[in-house]
Structure formats: C-alpha cells, structure tokens
Amino acid sequence: MNATDKRPVLVATETDDITADMVITELNRRSVPVVRFNPADIGADLTVSARFGTCPAPVAGQVRTPSRTTDLARLRAVYWRRPVWPTFQHLGDDDARFAAAQVRYGLGGTLYALDGPLWVNHPLRNAAADYKPAQLALAQRLGLTVPPTLVTNDPVEAREFITAHGQVIYKTLRWTPYERDGVPVTGWAEPVTAAEIDDSVRVTPHLFQARVDKVADVRVLVVGRQVFAVRIDSGLLDWRKDYSALSYTVVDLPDHVDRALLAYLDHFRLASGSFDLAVDRAGDYWWLELNPNGQWGWLEEHTGLKMSAAFADLLTRGDFP
C-alpha cells in the first residue's frame, strides 16, 4: 500500500455487524480511511448525490453520513457486507413500496455504476451466484462431486426420487425471513419421506437432495486467492442448529477441490465466498452450496485464522489478485 493513498473503503452493512467491525478494525490498523453506512439510514443520516454526463468521470458525486463524506470517484474499494434496505413502515403500503424502489434503484444504482473500486462483492454478482440450481450445475462442470438432487413442484416426481434414493433431505432454495404465529423460523435441512409429499408441493419448486453419508462438514472461506478451510464436527444433519455442539479443526483441501473453488468464484467474478462441503467416510468431498456473502467471524474466533486480516489486505490493495 502506498502510504500517501488516502482513498477510503466504503463499507455497506447493517447497524450491528460484529464481522464488519472485525474488518474495519484491521483497516484502521493499516490507517485506511473507512466510510460505513447502511441504506436503511437514508434521509437525515445518509445522503447521496451523483451526477452523470456533466463531467469527465462517468459517475461523480458524494455519499455523506453524520461523520464522513466520501467522493464516489475516489473510492478504493466497496465492502458490501450485510446492508439493510429501508422499508418506510411509517408510510402507507403503496408509498412505502414506491419509496423503497427509489432507494434501491437510486442509491443502489449509483453505487452499482461505479467501476473504479474493488467490490467485495458486487451485489449483482452476489445475486447471480445465489441460485442453487445454477450452483449445482457449475459445481459439476468444475469436477466437484454433487449429491443427486431434484428441484420440482411435481409431487409424483418427488415421491419417486425419495423412494429411489432412500434417505433424502429437503432444503430451501433460498433463505427468506419467515414467521409462524409471530415466531421467527429458519429453514433447516430436514429429512423427508415419500409419505410426507402431498399436493402442496405443486405450489412452488422444492429442492430434494440425497443425503450424504458424511462424517463432518467443511466451511471454506475464500478471500481473494487465500483459502481458509475449517472442518466442523457435530453429528448433526444441519450444523447451524446448535453451535454449542460444534468442534473445529483447520484443514487443507485436496488440490483439485481448492482449484475448483477458486475457479467457481472466478466464474461469477466474486472476490470472496463461503462454501459448504461435506466429507464422507472415505474422505471424499461433496459439494453442498455457496453463500456469496456468508458468515465467518465466529470461525476466526474459534480457530485463530486471520480471516479479517485477509479481507483488510484485499480491501487495502483495492484490486483483485
């Protein structure tokens, strides 16, 4: 890093984000200016002004928070962590939908138009990489082992698939905020039997997957070209259900898996991603999924791996290796 380079890193995230705090702490240690904001703060605590077609730069303008002002043309990098879009609950339904769309396509569109800074990751690339059927197909193309999987809204096909494969799990195609009787619920990976399939399956596509006879899970964080792999032992079908039951071991991936995961991110032009793999009794690795913007902070705390430093190094450089 050039000691005279004072271009800031723009960090877009929610108000309480311990993981972003870890990266910002590392950036502060490198004396890199940081401007943190949350789209939900639009109004008194967040202002954007951008001009197009009036100056040599394709995009010129500023983002202002109560404590910082940054020139959009001088950004070093954008860390798009976990921003929250405003919902305007004080407005009527139609006005709230209208206002929310203007923020997403005004503020969001202005930021998406920037091609100078490094994005970790660009939201549109995150979105493109977030479709599980596309993930499964790409994983197979890259030589990774994919469990037999069916995406369908046909109950007959679902029953036939479950009967053919025996132990099958149901997984959501995308995590979505959901409440039942006012209580938040999460879509865990759950076993499913043919007898449980009824005509309600016809309403939407469902993802059914043959259960891997796994002995452990592996969460892999890739930052730039750095690969951090952590084996998670739990005995649980879905380890996210009980973090207190987990134990962690830092591992090295087989070379072919390492290369495939890097190629996977290259395909979607992502600077970072969190992969979930399973290890079977023979020691073979199975592809499960990619979260383009997954959580990793708790893994650094448990293993000591320098994950936040890797993010800070990447954002400080402001370019993709």
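**A note on helix packing, cores and backbone**

1. Let me start just past helix H4, where Gly 143 follows with a positive phi near 90°. Helices (H or I, at least four residues) and strands (E, at least two) are DSSP runs numbered from the N terminus. This is a predicted model, in which local features need pLDDT of at least 70 and side-chain atom pairs count only at pLDDT 80 or more, while totals for chains, interfaces and linings use all residues. Residues are numbered from 1 along each chain as its sequence is written, and side-chain values use heavy atoms, with hydrogens and water left out.

2. Staying with H4, have a look at its inner face. Lys 132, Gln 135, Leu 136, Leu 138 and Ala 139 are its buried residues (under 20% relative accessible area; exposed is over 50%, partly exposed in between, with a 1.4 Å probe and protein chains only). They pack against strands E8 (149-152), E13 (206-210) and E18 (285-291), and against helix H6. Arg 141, also part of H4, counts as exposed, at 63% relative accessibility. The C-alpha atoms of Arg 141 and Tyr 264 are 9.7 Å apart, although 123 residues separate the two along the chain.

3. The pairing of H4 (residues 132-141) with H6 (residues 255-268) deserves its own point. Their axes come within 10 Å and cross at roughly 130° (lines fitted to C-alpha atoms over the stretch in contact, with angles from 0 to 180 degrees between N-to-C directions). H4 and H6 are therefore oblique to each other, that is, neither under 35 degrees (roughly parallel), over 145 (roughly antiparallel) nor 65 to 115 (roughly perpendicular). H4 passes H6 in a right-handed crossing (near helix turned clockwise from the far one by less than a right angle; anticlockwise is left-handed). Gln 135, Leu 138 and Ala 139 of H4 meet Tyr 264, His 267 and Phe 268 of H6, contact being heavy atoms within 4.5 Å. By class, four nonpolar, two polar and no charged residues take part in the contact of H4 with H6 (Ala, Val, Leu, Ile, Met, Phe, Trp, Tyr, Cys and Pro are nonpolar; Asp, Glu, Lys and Arg charged; the others, Gly among them, polar).

4. A second helix pair worth rotating into view is H1 with H8. The axes of H1 and H8 come within 8 Å and cross at roughly 60°, so H1 and H8 are oblique to each other. Their crossing is right-handed. H1 brings Met 22, Val 23, Glu 26 and Leu 27 to the contact, and H8 brings Ser 308, Ala 309, Phe 311, Ala 312, Leu 315 and Thr 316. The class count for the contact of H1 with H8 is seven nonpolar, two polar and one charged residues.

5. On to the interior. The largest nonpolar core has 31 residues, and those with the most contacts inside it are Leu 27, Tyr 79, Val 120, Trp 296, Met 307, Phe 311 and Leu 315; such a core is a set of buried Ala, Val, Leu, Ile, Met, Phe, Trp, Tyr and Cys residues joined through side-chain atoms within 4.5 Å. Among the elements that each supply at least two residues are helix H1 (18-29), strand E14 (214-223), strand E15 (226-233) and helix H7 (297-303). H8 gives the most to this core, with six residues. Leaving aside neighbours within four places in sequence, Leu 27 is in contact with Val 9, Val 32, Val 34, Ala 312, Leu 315 and Thr 316. A second, separate core of 25 residues includes Val 222, Leu 262, Leu 270 and Trp 287.

6. Three backbone spots may be worth your eye. Val 120 and Asn 121 are joined by a cis peptide bond, with omega about -15°, and Asn 121 is found in the loop between E7 and helix H3 (123-128). Ser 31, which is not a glycine, has a positive phi near 60° and lies in the loop between H1 and strand E2 (34-37); Ser 31 is partly exposed, with a relative accessible area of 48%. Phe 88, also not a glycine, has a positive phi of about 55°. Phe 88 is found in the loop between E6 and helix H2 (93-112) and counts as buried, at 18% relative accessibility.

7. Finally, two more loop residues. Asn 293, in the loop between E18 and H7, is buried at 19% relative accessible area. Beyond four places in sequence, Asn 293 is in contact with Trp 80, Arg 81, Arg 82 and Asn 126. Lys 306, in the loop between H7 and H8, is exposed at 59%. Not counting residues up to four places away in sequence, Lys 306 touches Phe 228 and Glu 300.
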